[in-house]
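Work through the exercises below with the sequence and the model in view. Each task is followed by a solution in steps.

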Amino acid sequence: MLLDALGGASDGEPASREQVERVHERGYVDALASLDRETWLDGDTIAGPTSFEAALLAAGCAVAAVEAGGFALVRPPGHHALPDRAMGFCLVDNVAVAAGHAQAALGLERIAIVDWDVHHGNGTEAIVRDDDDVLYVSLHQWPFYPGTGGPGTSDDTTLNIPLAAGAGDAQYVAAFSELVEPTVRAFDPDLVLVSAGFDAHEQDPLAHMTVTERGFEELARRSAQLGPRFAAVLEGGYNLATLPRLVEAAIRGFDGA
Ligand SMILES: [Zn+2]
């Protein structure tokens, strides 16, 4: 349904073990690769024999998106995946793999990740927290799953913006103007990566925010203006009836920037 709504899409190649192991521990990657039956990896995350291949394809699409300046429309999402374990529907942290590839293979030194999925991207934050060349910015409902990213958790290269349930376009745009944009511009990134979740939408069943289709278009437009290079990776968004038009709205915003 989502892909039907789009023109100009292309298939991706799976990420390599080397690309994935830049951000995940080898033992964890081995465990994913060897799953031979349906297994609950955490309370929300079921995986089976084909899951590793799907996760590698998603991460590989994120890599391709960085190379081409595109939008990786992938599942499973990635931003809760920790270095050594799966969490919250996420197996491999796609945006972190993309950032690692940009640094190691494309010579892009400073990377800003802007995560507007309604949930805090605790996995991405954990992976990049000690890398001063990666700025992680997240806007998220708080208090809410996964519980991280609350007040007082920012540092020089981490900007967590917890927002109360019910926040909509006005609060998100204000947070961009007052916090996201000045912080990312001061960081002066070579590349901006967006973790584009759509579960802050007013009709999403998993969360309680009120961002509209026009709001996502505006967030996309503003995000794409924050650096000389830009790519995006799909994260959450769980209303399958609205997701295609929200993705289309974001693409309009990215293209219009
Ligand atoms: Zn989410």
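The exercises concern a predicted model and treat its sheet, a helix, the nonpolar cores and the metal site.

**Exercise 1. The sheet**

Find the order of the strands in the open sheet of 6 strands, and state which strands stand at the edges.

Solution.
Step 1. Reading across the open sheet, the order is E3-E8-E7-E4-E5-E6, and the pairing is parallel.
Step 2. The edges are taken by strand E3 (71-72) and E6; each has a single partner strand, so one side of each is left without a neighbour in the sheet.
Step 3. Take the pair E5 and E6: it is parallel and runs over 6 bridges. Within it, leucine 139 stands opposite isoleucine 161 in E6, and histidine 140 has proline 162 in E6 as its bridge partner.
Step 4. Now check the cover of E6. Of its 6 residues, 5 are buried, so E6 is mostly covered.

**Exercise 2. Helix H7**

Compare the span of H7 with the expected value, then list its buried residues and what covers them.

Solution.
Step 1. H7 has 12 residues, and at 1.5 Å a residue the helix should span 16 Å.
Step 2. The end C-alpha atoms of H7 are 17 Å apart, which agrees.
Step 3. Buried in H7 are Gly215, Phe216, Leu219, Ala220, Arg222, Ser223 and Ala224.
Step 4. The cover over these buried residues includes E4, H6, E7, E8 and H8.

**Exercise 3. The nonpolar cores**

Describe the largest nonpolar core, and state which element gives the most to it.

Solution.
Step 1. The largest nonpolar core has 40 residues, and those with the most contacts inside it are Phe71, Trp116, Leu139, Tyr172, Val180, Phe198 and Phe254.
Step 2. Elements that give two or more residues to this core include strand E4 (111-115), strand E5 (134-141), helix H6 (169-187), helix H7 (213-224) and helix H8 (243-256).
Step 3. The most comes from H6, with 6 residues.
Step 4. Take tyrosine 172 as an example. Leaving out residues up to four places away in sequence, tyrosine 172 touches Val118, Leu139, Leu163, Ala167, Ala200, Met209, Val211 and Leu219.
Step 5. Another core, of 21 residues, lies apart from the largest one; Ala62, Val74, Leu191 and Leu193 are among its residues.

**Exercise 4. The zinc site**

Identify the residues that coordinate the zinc ion, classify the site, and place the residues in the chain.

Solution.
Step 1. The zinc ion is coordinated by Asp117 through two OD entries, by His119 through ND1 and by Asp199 through OD, at 2.0 to 2.7 Å.
Step 2. The angles among the 4 donor atoms are 53 to 155°, and the site is irregular.
Step 3. Along the chain, the donors follow the spacing D-x1-H-x79-D.
Step 4. Aspartate 117 lies in the loop between E4 and helix H5 (122-128), and aspartate 199 in the loop between E7 and H7, so the pair ties together parts that are 82 residues apart in sequence. Histidine 119 is also found in the loop between E4 and H5.
Step 5. Buried means under 20% relative accessible area. Aspartate 117, at 1%, counts as buried; aspartate 199, at 0%, is buried; and histidine 119, at 8%, is buried.
Step 6. Not counting residues up to four places away in sequence, histidine 119 touches His79, His80, Ser138, His140, Phe144, Tyr145, Pro146 and Asp199.

Technical notes: Residues are numbered from 1 along each chain as its sequence is written. This is a predicted model: local features need pLDDT of at least 70, side-chain atom pairs count only at pLDDT 80 or more; totals for chains, interfaces and linings use all residues. Side-chain values use heavy atoms; hydrogens and water are left out. A nonpolar core is a set of buried Ala, Val, Leu, Ile, Met, Phe, Trp, Tyr and Cys residues joined through side-chain atoms within 4.5 Å. Buried means under 20% relative accessible area, exposed over 50%, partly exposed in between (1.4 Å probe, protein chains only). Helices (H or I, at least four residues) and strands (E, at least two) are DSSP runs, numbered from the N terminus. Contact means heavy atoms within 4.5 Å. Donors are N, O and S atoms within 2.8 Å of the metal (3.2 Å for Na, K and Ca); water is not among the atoms, so sites may look incomplete. Four donors count as tetrahedral if all angles lie between 85 and 135 degrees; four count as square planar and six as octahedral if opposite donors are over 155 degrees apart and all others between 65 and 115; anything else is irregular. The expected span of a helix is 1.5 Å times one less than its number of residues. Two strands pair if DSSP finds at least two bridges between them.
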